Each structure stands twice: as C-alpha cells, then as structure tokens.
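This briefing covers internal space, nonpolar cores and backbone geometry, in that order. Please read it alongside the model shown here.

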Amino acid sequence: MVKEPKRVAVLMGGLSAEREISFRSGRAVARALRRLGYEVVAVNADRRLAEKLRRLKPDAVFNVLHGTYGEDGCVQGLLEVVGVPYTGSGHVASAIGMDKDLSKRIWRARGLPTPPWTVVEKSHGAGGVRLPCELPVVVKPNGGGSSIGVSIVRRRQELEEALATARRYDDRVILEKYVPGREVTVGILGAKPLGAMQVIPKGEFHTYEVKYTKGMEEFILPAPLPAAVYQGVMRLALAAHASIGCEGVSRVDLRVTERGRAFLIEVNTSPGMTELSWLPKIAEHAGIGYDELCERILKLARLKVRETTL
C-alpha cells in the first residue's frame, strides 16, 4: 500500500482502440482525486510514457488505461521497473485477464464454469472452423474490451464477416457458446465482492455504442436473482478474480441462465470509471460514492514485484 500519496499520476488515453473511453474514465478519476485534495497530473500514456514518469516523479499511479499496452501487463511491467506504485493488478494477472482464452483455461482447470469455446487463428478461414457448439456463438477478439469487434453469429454464413470484424483488433479470435439468460456483472474491491448488477441492453447485446450512450442500458441493483443464486454468483466472481491473481479492483462479467446456472465470461482488470461505467454503479449501491471509490482504489496501489539481491 502507498503511504499517503500526495502526487498522483492518472494514466489515461493510451494506444488501444479503447483510447477515448480511457480518457473519459481518466478525467473523471482526476476530478475526484483533486476534490479529495491530491495533487493530480493527468498523463496521456503514449510512447513517451517512461520519460514522462521520470520527469513527474509521482508517488503513485492511478491506472485508468483500457486495452492493449495499458491493461495487458505492459504498463504494469514498466511501472515495476521504474519503481512507481500503481493501482490494480500486477503484470501477470493483467496479461492473463486480457487473454480470454488463457483466462478460460485457468477457470476450467480450477473447475469454474465458463461456456465452451474455441480459438481461431489468423490463418483459418470460416470454412474450416470447427464450432465449439451449435449456433449461436459469440465471436470476439481474444484480447480487448468494451465489446469492440464482438458479434453474435446465428447463421453459419454470418461467420466470415464476424471473424473479419474481430480480426481488426486481434489476430486470435474466440468463438464462445452463446448462453441465453441474464447479463450479470460483479464489482470487486480489495478481496471483497461489492455486489452483482444485471445489465439489460436496448438492442441485441452490449455493443460499444450501447455501453457508452446514455439511456441505452437498464441497470438493476441488486441483480434480481434468488438469494442462493445471487450468493453463488458473488462467490464465483471472487473465485475467478483470485484464480488469475487479480488484486485491487476488478469487474467480473457472467451469464446466468433462467435455471440459475452461472457462467464466467471475462474479468476486467482495469474496469471503466466513466459516468456510465458499471463498477461505480455497483459501488454506489454498496454505499461507496465515486470519490470514495477512487480513493479506496488508490490506497490499494503498490508494487507487485519483490526486489531481491544475491
């Protein structure tokens, strides 16, 4: 944990397809920390990030980067090398969380339920793809978030276009069984689940446009599940978070069938912090306002690699 950080660098923007959402998250976090009395420097995490950090000498970094380079372990490794404590998970957990295939392999090895899936490499066309199940399937980039490049394929002839869309963002593409039911997401702070929320999109699913357009989603807190199912979802989300080594904060997305079976979809190691983002809504329902949430995340910042000498 950082001891009384005064000068905080909020990393935002970055180099991924989620750059604009990161800016929105970062500006909101920066405003909150300034209201709390911290000296805040907003930092666009471009190719000169290491140089900027050496010049600024922050006491801690609040990482609000999403996607490639910012959420996949790259920035986390850099921060370990330069010795600046930072929020969220370490470089290993961040890399695993960004890799949907690897996350699901770990969950399956731990006996945690996740829908059947297969990975399609860049060289494979739609004709030779073996589906993991009967249609429909969800087609998405193996890395990335914010539903960018995601499609639901209900007919075989739609697969080629869905693969092409996902490959704009990652050479490796996940084909995952579509699980009908409720979209439920769980916010985790420290080692405690804050609550489970159902999210209902106005449209077929949570596209990028739906997620970041006000009024395009309905939020139900707490998620309207039987008590035993609700508690099971909370335990499953925490197990998913812990199994890949997450710490600090995360958001775990699940699908829950009408019969109450829950399936892990993905874990977000750097969840959005915009005015429309899901984690702040869950925290608010748990009695944690936005500013307090930011400060609590900040106070969990630390270096994750122990230095050793021979």
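The lining of the largest cavity holds six nonpolar residues, eight polar ones and no charged ones; Ala, Val, Leu, Ile, Met, Phe, Trp, Tyr, Cys and Pro count as nonpolar, Asp, Glu, Lys and Arg as charged, and the others, Gly among them, as polar. The model is predicted, so local features need pLDDT of at least 70 and side-chain atom pairs count only at pLDDT 80 or more, while totals for chains, interfaces and linings use all residues. Residues are numbered from 1 along each chain as its sequence is written, and side-chain values use heavy atoms, with hydrogens and water left out.

**Cavity and pocket**

- On a 1 Å grid over the protein atoms alone, a cavity is a set of points where a 1.4 Å probe fits but cannot get out, and a pocket is an open set with protein on both sides within 12 Å along at least five of seven lines; lining residues have an atom within 4 Å of a point.
- Grid points are joined across faces, edges and corners, and a volume is the space filled by probe spheres set on the points.
- The count is one cavity of 30 Å³ or more, and the largest cavity encloses about 120 Å³.
- Its lining has 14 residues, with Asn63, Val249, Thr269, Ser270 and Pro271 nearest the centre.
- The second largest pocket has a volume of about 180 Å³.
- Sixteen residues line this pocket, and Leu15, Ala45, Asp46, Tyr69 and Val75 lie nearest its centre.
- Helix 3 (residues 74-82) supplies the largest share of that lining, three residues; helices (H or I, at least four residues) and strands (E, at least two) are DSSP runs, numbered from the N terminus.
- By class, the lining of the second largest pocket has eight nonpolar, six polar and two charged residues.

**Nonpolar cores**

- A nonpolar core is a set of buried Ala, Val, Leu, Ile, Met, Phe, Trp, Tyr and Cys residues joined through side-chain atoms within 4.5 Å; buried means under 20% relative accessible area, exposed over 50%, partly exposed in between (1.4 Å probe, protein chains only).
- The largest core has 28 residues, of which Val10, Val29, Leu33, Phe62, Met273 and Leu293 touch the most other members.
- Helix 1 gives the most to this core, five residues.
- Apart from it lies another core of 25 residues, including Val252, Leu254, Ala262 and Val267.
- Not counting residues up to four places away in sequence, Met273 is in contact (heavy atoms within 4.5 Å) with Ser25, Ala28, Val29, Val64, Leu279, Pro280, Tyr290, Leu293, Cys294 and Ile297.

**Helix 10**

- Leu293, Cys294, Ile297 and Leu298 are the buried residues of helix 10.
- They lie on the same side of helix 10, because they cover an arc of only 135° around the axis, taken from the directions from the helix axis to the C-beta atoms.
- These buried residues pack against strand 1, helix 1, strand 3, strand 8 (182-189), strand 11 (249-256) and helix 9.

**Backbone geometry**

- Most residues other than glycine have a negative phi, and most peptide bonds are trans.
- The bond from Leu135 to Pro136 is cis, with omega near 10°, and Pro136 lies in the loop between strand 4 (117-120) and strand 5 (137-141).
- The bond from Leu221 to Pro222 is also cis, with omega near -10°.
- Lys57 has a positive phi, near 50°, and is exposed at 62% relative accessible area.
- Tyr69 has a positive phi, near 75°, and is partly exposed at 36%.
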